[in-house]
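Visitor: Please take one helix of this model and go through it closely, from its start to the residue that follows it. I would also like a short look at the parts it packs against.

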Amino acid sequence: MPKLHFSYSPNYFSIEDIVLQDVRVSCKFEVSVPKLGMLDQSADDQDLKQGSKVELPFWMVPTLHAKKIITFEIPRHYKVNYRQILQADSIVVDLHKWGPYFYDLGHHVANLDLKDSIDIKKSLVQTLLNRLRHIMDMSQHSTHHETVHLIANLDELERKLFAVGQLSYRSYKEWVRRESSKINTAALVASHRKRKFAEVTV
């Protein structure tokens, strides 16, 4: 069965967590930082001056933000205008285009104690609730050949839920047909019986 791994706090051993936090975020340095001038390609100074704006991978943001070294711009898909789109009709939104790890990254952003944190968390929860019934319905009423098309606009968490729904439905149908309780002859035993039969008939 597909496993659902949640990494809403940084997880050093999670490949998914490493990938999703590599997204670039626009940051403004509130203090000067020596020897980091190379981060600002428009500057000639070897030091990074106060007020410099650079793009940093998100995994650097929580520590620098907590120490008041930077302020940063919320990734655009979590801003108020995008939250309003989700509130209007989240089912038609292509979340995979917004970000393959939309929920995971959103939770990381919301955990940074921003003025929009509560609204972002509410939007994430409500979006998943609104889309979940549709996802489960698709997973249980679709053929194997339709899967690729159906999951195209789902983020990675939703794709895992879709796979779990498909597997659960198949297991249920097997149980209804009593296929799950059948005891099949092991290949080794079957081979042994054939060999014994051949010896008897010779």
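Guide: What follows is an account of helix α8 and then of two of its packing partners. The model is predicted, not experimental. Helix α8 covers residues 156-176, 21 residues in number. From first C-alpha to last, α8 reaches 30 Å, close to the 30 Å expected at 1.5 Å a residue.

At the N-terminal end, α8 is capped by Asp155, with a side-chain oxygen of Asp155 placed 3.1 Å from the backbone nitrogen of Leu157. Leu157 is itself one of the buried residues of the helix. The others are Glu158, Lys160, Leu161, Phe162, Val164, Gly165 and Gln166. An α-helix makes one turn every 3.6 residues, so residues three or four places apart point the same way. Just after α8, Arg178 has a positive phi, at about 60 degrees.

The buried residues of α8 pack against α1, α4 (95-98), α5 (102-110), α6 (117-140) and α7 (147-150). Two of these partners can be followed further.

In α6 lies Ser117, which counts as buried because its relative accessibility is 6%, under the 20% cut-off. Beyond its neighbours within four places in sequence, Ser117 is in contact with Val109, Ala110 and Leu112.

Helix α1 spans residues 15-20 and includes Val19. Val19 counts as partly exposed because its relative accessibility is 47%, a value between the 20% and 50% limits. With Ile15 and Ile18, Val19 forms a nonpolar surface patch, and together the three have about 300 Å² of accessible area.

Key:
Residues numbered from 1 in each chain as written. Predicted model: local features only at pLDDT ≥ 70, side-chain atom pairs only at ≥ 80, totals over all residues. Heavy atoms only, no water. Patch = residues over 30% accessible without salt bridge, like charges linked within 9 Å, V, L, I, M, F, W, Y side chains within 5 Å. Areas by Shrake-Rupley, 256 points an atom, 1.4 Å probe, with all protein chains shown as cover. Salt bridge = Lys/Arg side-chain N within 4 Å of Asp/Glu carboxyl O. Helix = DSSP H or I, 4+ residues; strand = E, 2+ residues; numbered from the N terminus. Buried < 20%, exposed > 50% of the residue type's maximum accessible area, 1.4 Å probe, protein only. Expected span 1.5 Å × (residues − 1). Contact = heavy atoms within 4.5 Å. Polar contact = N/O pair within 3.5 Å; in protein donor to acceptor, adjacent residues only side chain to side chain.
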